[in-house]
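Please look over the sequence and the structure before reading on. The questions are meant for a reader who is meeting them for the first time.

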Amino acid sequence: MTDRTRPIKDIFWILALCGLVAGIFRMWFGLGATTNLTDAMPWGLWKVLNMVAGVALSTSGFTVGFLVYVLRLERFRPLMKPAILIAFLGYGCSMTALLFDIGLPHRFWHPILMWNEHSFLFEVFWCVLLYFTITFIEMLPNIFERLRAERLVRLLHAGTFGVVIVGISLSSLHHSSLGSLFLVTPLRLHALWYSSWLPWFFVLSAMGGGIMMIVLVRILYARWYDPEPVFGTQLEPGVPGPADLLSLPGVSRGYTSRDMPMLAGLASIGAGIMSCYAVLKVVDLVRLGSWNALLAGTWESWLYSAELILTAILPIILVAIPRTRRSPVGLGAAALSGAFGLALNRLDVGIFGYFRDAHTVYFPSLAEWALGIGVIAAAGLVFFFIVENTAVFDNNWRQRYLSRGVFHATFDRWSHVWFAVLMSGVHRVTLLAVFVLPLAWVFLYPAYHNEKPITVVQASVGMDNMRANLRIDGDRQGVLAEFAHAEHQQRLGGDSSCAACHHVSLPGDRSTPCSRCHSDMIFATKIFDHSFHTVAVAEKEHLAGLYPANHSCALCHGDGLPKTASTVKTCYECHRDDMWLVGRPDSAVSLMNAPSFRDAMHGTCITCHTREKERVGRPQLDECATCHRSLTARRLATASHAQDDNALGAVAFGERPVGASDSGSSH
Amino acid sequence: MTNSILIDTTKCTGCERCVAACIDANKLDPHKADIDRAQTEDGLSSNRWANIQKVADDRFARKSCMHCLEPSCVSACLVGGITKTPEGPVVYDPTKCIGCRYCMLACPFHIPRYEWENAVPYMRKCDMCFERVQQGGKPACVDACPNGALVFGSRKELLQKAQEIVAANGSTYIPHVWGETEFGGTSVLYISDEDLSALGWPEPQTAAIPGLTEPLISKTPFIGLGVATCLLSVNWIVRRRMKLAGEIDNHEVERND
Amino acid sequence: MSIEQWIDFAKGPLFALTSMIMVLGLLRHIVIQVYELVAGKGRRLSAAPWRKILNEGLGWAIPIKQIMKGTPFFSSVSYLFHIGVIVVPVFLADHIVLWEKTLGFSLPSLPSGWADFLTIFTVACVLVLLGFRLFGDRQRAMSRLTDYVLLLLILLPFVTGFLASHSGMNPFPWETMMLVHLLSAELLFLVIPFTKLAHIVLFVFDRLSAVHWQLRPGAGDKVADALFGKEARV
C-alpha cells in the first residue's frame, strides 16, 4: 500500500522550513522589516490566525472531555486522546507563533511575575499557559505507555477526572477572554462585529469549532492510515449503532461502517451549537440596531454573511441531509466548512473589522504567511510523528511502524548519480531542505523587499502668467511656500541672476525641472546613470582615437583596481568645465546622490536668507513663515501681530500689500 | 495634584516649535521625525511623539497623548507597564514591556507608536515630560510655544479657566471643552473655534474604555469556580441517573476510570 | 529589465540562492556520509573511522604516490588544475570585494599578474584534461557525456571572467561577458552537489561508504571490454 501521508509530510516539511527561515529573519531584522504591521494595524496574522483562531480550533479537548467525562457519553471515548492531541498541538502552535509576534521575545516570562489583573490579555496568557500544561499532562499517558511505564500511567489515570474539570473551567474562561480582548475597541471595530456579547460568542463558537475540528481530523486520519472504520462498507445498512441525534427512532440509520454513527452524532452536536451561535449573532445585530449594516452591501457585510453561511448554515444542511451525513466526505465537508467559518470569524474580528477605522488595508507579508503557516505545518508534522509512534487513535502503530515502506536506491541516468540517498526519511527531508531553505531565504530576505517608499514630488501648484509668483507644495501636504520669483530675479540682478539659484541642467536641455533630479521629497536619490556613461565615454574616446573601444572603465575606475564605487574618481575631474555648479556641491561624489527636493529647496532659500537677514535688517527673514504663508494666516487675523506680518509680507512680496496676493489660503 | 495641558487652537499658528522642542527634549532623531511626518497619516510615530495637525483651513492643533484620567492602555497592558501617575502623566516603563502591542489596539486616540524599524523595539509616546513635571517644571512643548497656545497647570484650574474663556468669547469659541468628559476625561484639554473631531474626539458623553472590561474581568474567578461547580453537579446527576438505570456495571466503571 | 539590472539580479538574489544550495547540498553530503558511517555503530560520532578519513584526505592533498608510480603527467596536470580551480575564484581581488560585501570577511588577494597567469594556466589544464578524455583509450571508455559537459562548464566562468577583466582582448560588450560569467558560475554552483563534482567534499569518503555517486551499473565491464576485449577478471 502506498503511504498516503508522504506527499502531505513533504509539503509540511517545505512549509515548516520556510517558516524557520522567516522566523530567523524576524528575530534578526525585527518586526518592521519582516512584517506588514503598522501603527494603524498593530495586530496581524500571527496574533489573530495563530493565537485567536488557532486556540479556538483547538477546543476539541474541552468539548470531547465534557461529553466523555462529565456527561459520560462513553461512545465518544475513542476520540478523547485525539482531541487532547489536537488541543496540545493547537496551543503549542499559538504559543510558538506568539513568541515571534511579541516585540521582545526574551521577556515572554514577564507576565508570570508582573501582574496586571485588570487586563484580559493577562488572563488569556495565564489560562493558555495553564491549559497548555494540562493538555501536556493529559498527553503524558500516551508517552508513558510507549515507554511501558505502567505504574505512572495508572497514577495519571487516577487524576484524570480532576484535571479534565480544571481544564474545562480554564478553557471556558480564556475562550471568553479572547473575545473580551476586543471589547476595548468599541470605536474601532466595525459595528457588525463589535458587541458586548463577544465573550459569549467566542465560547460558543469555539465549542462548535472544536467539535468540527475533531470530526475532520478523525476522518482525515481514517483516510491516511486506517480507512476501514470510517470509509468501510462491510456492515449491513441499518446496523444498530450508537444513537444518531438527527435520526428519528425506527428509521433505518443506513451506516455501513463502524465509526460513522459516532462521527455523525458528534457533527450534529457541533452543527447544533453553531446554529445556536448564528441565531444569537443575528439576535445581537437586531438588539444593537446594526442589522442595517448587514444589508448595506459593503464588503464587511459580505464577509459577515460568508462567515454565517460557513459556520452554521452549510454544516447544518450537510448534517441534516441523510445522504451526506452518512458519507465520510459529506461529513468532512461539513466539518471543514465549520472550522473554516470559525477561523474567518476570528480574522474578521481581529483584522478585517479594523480596516475601515484604520483607513488602511493590512495584507500580511510573505514572511508573516511563511511563519504563520510554517508553525501550523510543524504542528502537523508533530501530529504525524505522535500518531505513528503512540497509540493515540488505535493500537496499530507498531504494525504500521514495522511495515513502513523502504525506498530503494535508483540510478539516475541523467546525472549518473545513485539516488541511494533517498533511502530514508532523513535523506528525503535533507534533500528538501537543500532546495527549500535557499529559496525561502531569497524570497523572504527583507533587504530584497524593502523598497523605500517614495514621496512623489510635483511641480508648483500655481503661478501667475509671468511666473512672477510661484506657489510651491512639492509633496502636496498642504504647506505652501509662496515664492516671488520675479521679485527675487529683479533684486538679484535681472537676467544674469539665474545662476544664483539654478544650477546644472541636463546637456542640451534648458528647462530641466528641479524634480527631475531631486525626485524624492524626503530622501536623497541616486542620479548617476552608469550605462549612459559607459556608452558615452567609450564613444568619445573612440572618436578621439585614444583607446580601443570598451577600454573606458579604466578612465574612471583606475587600472588594476576593483571596479567599485569606492575606488572611482570624482565626477568633477571630468566635468570641471561643463559642470556649471553654483555654491554648494563642492564634492563631486555627492552628485551621484541628489538631495531630496525639500532639502534642496530649503537649502537654497534658507542659506541665502540667513546670510541676508543681517544686511537688510530683517531678523525674521529666515523663519518658516516668511515663505510658508499658510502658517502666518492666523497672525494676520490677530491684530496684535498685524505689524509684524506686514513687515514679513514686504520682504516676501516687495511692496505689494499682502491682501492683494493671489493666494486663496491667506484668508 | 493632577496636571494638565490646555490647548487653545485659536492661538496656534502651526509653527511646530512645540514638536521641535519635544524632539529635542526626548532626544529623538529629527531627520527620522521629518520623514515620519510625511509618511504617516497623523504625523505621529515612534520618532515623533507630538505633531501639529491641520484641523480646518488655517487652523492647527497639537496632537499627542491625551493622558486620560482612566486610560485604556493602563488597563490593557498585561504586565502593568503603563501607569497613570498622580501628577497627571501616563508613563510607560520600558523595562516591563514584552511588546504585545495591546496598548496600541486599546488606545481610542491611536497614540502609542511602535519602533517597527528596530530589532529590539519599544512602545513610544508622549509622557508629558514626566521628569520635568516631577521637578516642578513644565513640559517642553509648553515652554516652547511662542504664542501661549499651550498652558500647563492643575487640571481643575485649567478646566475652570477654559470654561471662562469659552463663556467670555462666545462668538468665537465653540462652547465645549474637549477632554472634560470624553472617555471619562483627559489631562489634555482643547478649546477651539472649529470642530476637533479630526483629532479623534468622540461624542462628549463617551464612557471610559476600562469601564467596558473591568466589571467583567473582576468576576473571572467566580465564573471559573461557577463553571467547575456546574460541571461537577451535572456529572453527579449523570452518574446517579446511570446508576439508577443500572446502565453501568462494576466492570465498566473499572475499565473506564 | 536592462542588462545592468540582470547583472544586479545575478549578483544579488541569484548568487545567494545558488551558493546556498551548493553549501547546503555539500553539507548534506557530509552529514549523510557521517550518519551512514556511524549508523550501524550505536550512532556515536566517535565510531566513525576518522583516521581513515584523514588519511584519505591527505592522500589526495599530496598525491606523491600517483605522480611517482602511476601516470605522472596526467596526475600532475590534474593536481595543478585543482589548485587553480580553488585558488583563482577564492582569492581574486574582484571576488574579495564581493566576499567583503556579502559575507563580511576579507582575505589576502592574489596579485593581478598571478591571477592572470593562474587563470590561463587553469584553462590550459582543462584543455589538456579534455584531450586525455578524448584521445586516451582508457579515459574515453570511462567517459560519459556529463564528464565533457562538466569540464566545459568549469571552463566557461574562467574564460568569460578573464575576458571581462581584460577589456582590451574582449571582442564582446563587457556587460554580456559579466552576465555570462555570473550565470555560468551560478549554474556550476547549482550542479556541484548533484553531480560527480560533489567530490569536493565526498573525496574523503570515497573508499569508506557505500552511499555516494557511483559509476553506471556495469561500467566496469565496459572498461574491461575496451581494454581487453573480454569480460573483466576480478
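What follows is a set of questions and answers on confidence, folds, cores and single residues.

This is a predicted model, in which local features need pLDDT of at least 70 and side-chain atom pairs count only at pLDDT 80 or more, while totals for chains, interfaces and linings use all residues. Residues are numbered from 1 along each chain as its sequence is written, chains are lettered from A and ligands numbered from 1 in the order in which they are written, and side-chain values use heavy atoms, with hydrogens and water left out.

Q: In chain A, which helix has the highest confidence?
A: Confidence is given as pLDDT, the predictor's score for each residue from 0 to 100, and chain A averages 79, with 76% of its residues at 70 or above. Helices and strands here are DSSP runs (H or I over at least four residues, E over at least two), numbered from the N terminus. In chain A the lowest mean, 38, belongs to helix H27 (residues 642-653), whereas the highest, 94, belongs to helix H16 (residues 328-350) of chain A.

Q: How many contacts beyond four places in sequence does the model have for residues 581-589 of chain A?
A: A contact means heavy atoms within 4.5 Å. Residues 246-252 of chain A stay under a pLDDT of 50 and have 7 contacts beyond four places in sequence. Residues 581-589 of chain A also stay under 50, and for them the number of such contacts is 14.

Q: In chain B, which strand has the highest confidence?
A: Chain B averages a pLDDT of 88, and 95% of its residues score at least 70. Its lowest mean, 49, is found in helix H10 (residues 250-256) of chain B, and its highest, 95, in strand E5 (residues 90-92) of chain B.

Q: What share of the residues in chain A is buried?
A: Chain A contains 27 helices and 7 strands. A residue is called buried under 20% relative accessible area, exposed over 50%, and partly exposed in between (1.4 Å probe, protein chains only). Of the 667 residues in chain A, the buried share is 49%.

Q: Which strands stand at the edges of the open sheet in chain B?
A: Two strands pair if DSSP finds at least two bridges between them, and this open sheet of 3 strands has the order E8-E1-E9 (chain B), with mixed pairing. One side of each edge strand is left without a neighbour in the sheet because each has a single partner strand, and the strands in question are E8 (150-154) and E9 (188-191) of chain B.

Q: Which residue is the bridge partner of Ile5(B) in E9(B)?
A: Strand E1 (residues 3-8) of chain B pairs with E9(B) in the parallel sense, over 4 bridges. Within E9(B), the partner of Ile5(B) is Val188(B).

Q: At about what angle does helix H7 of chain B run to E8(B)?
A: Axes are lines fitted to C-alpha atoms, for helices over the stretch in contact, and angles run from 0 to 180 degrees between N-to-C directions. Helix H7 (residues 155-168) of chain B lies across E1, E8 and E9 of chain B, and its angle to E8(B) is about 130°.

Q: Which helix gives the largest share of the largest nonpolar core?
A: A nonpolar core is a set of buried Ala, Val, Leu, Ile, Met, Phe, Trp, Tyr and Cys residues joined through side-chain atoms within 4.5 Å. The largest has 193 residues, and those with the most contacts inside it include Leu181(A), Phe383(A) and Tyr102(B). Its largest share, 14 residues, comes from helix H10 (residues 198-224) of chain A.

Q: Why is Cys126(B) not bonded to the closest cysteine sulfur, in Cys65(B)?
A: A disulfide is counted for a pair of cysteine sulfur atoms within 2.5 Å, and the structure holds 0 disulfides over all chains. Cys65(B) counts as buried at 8% relative accessibility, and Cys126(B) counts as buried at 11%. The two sulfurs are too far apart for a bond, because the distance between them is 5.6 Å.

Q: Is Thr63(A) buried or exposed?
A: Thr63(A) is found in helix H4 (residues 60-70) of chain A. Leaving aside neighbours within four places in sequence, Thr63(A) is in contact with Met207(A), Gly210(A) and Ile211(A). Its relative accessibility is 5%, so Thr63(A) counts as buried.
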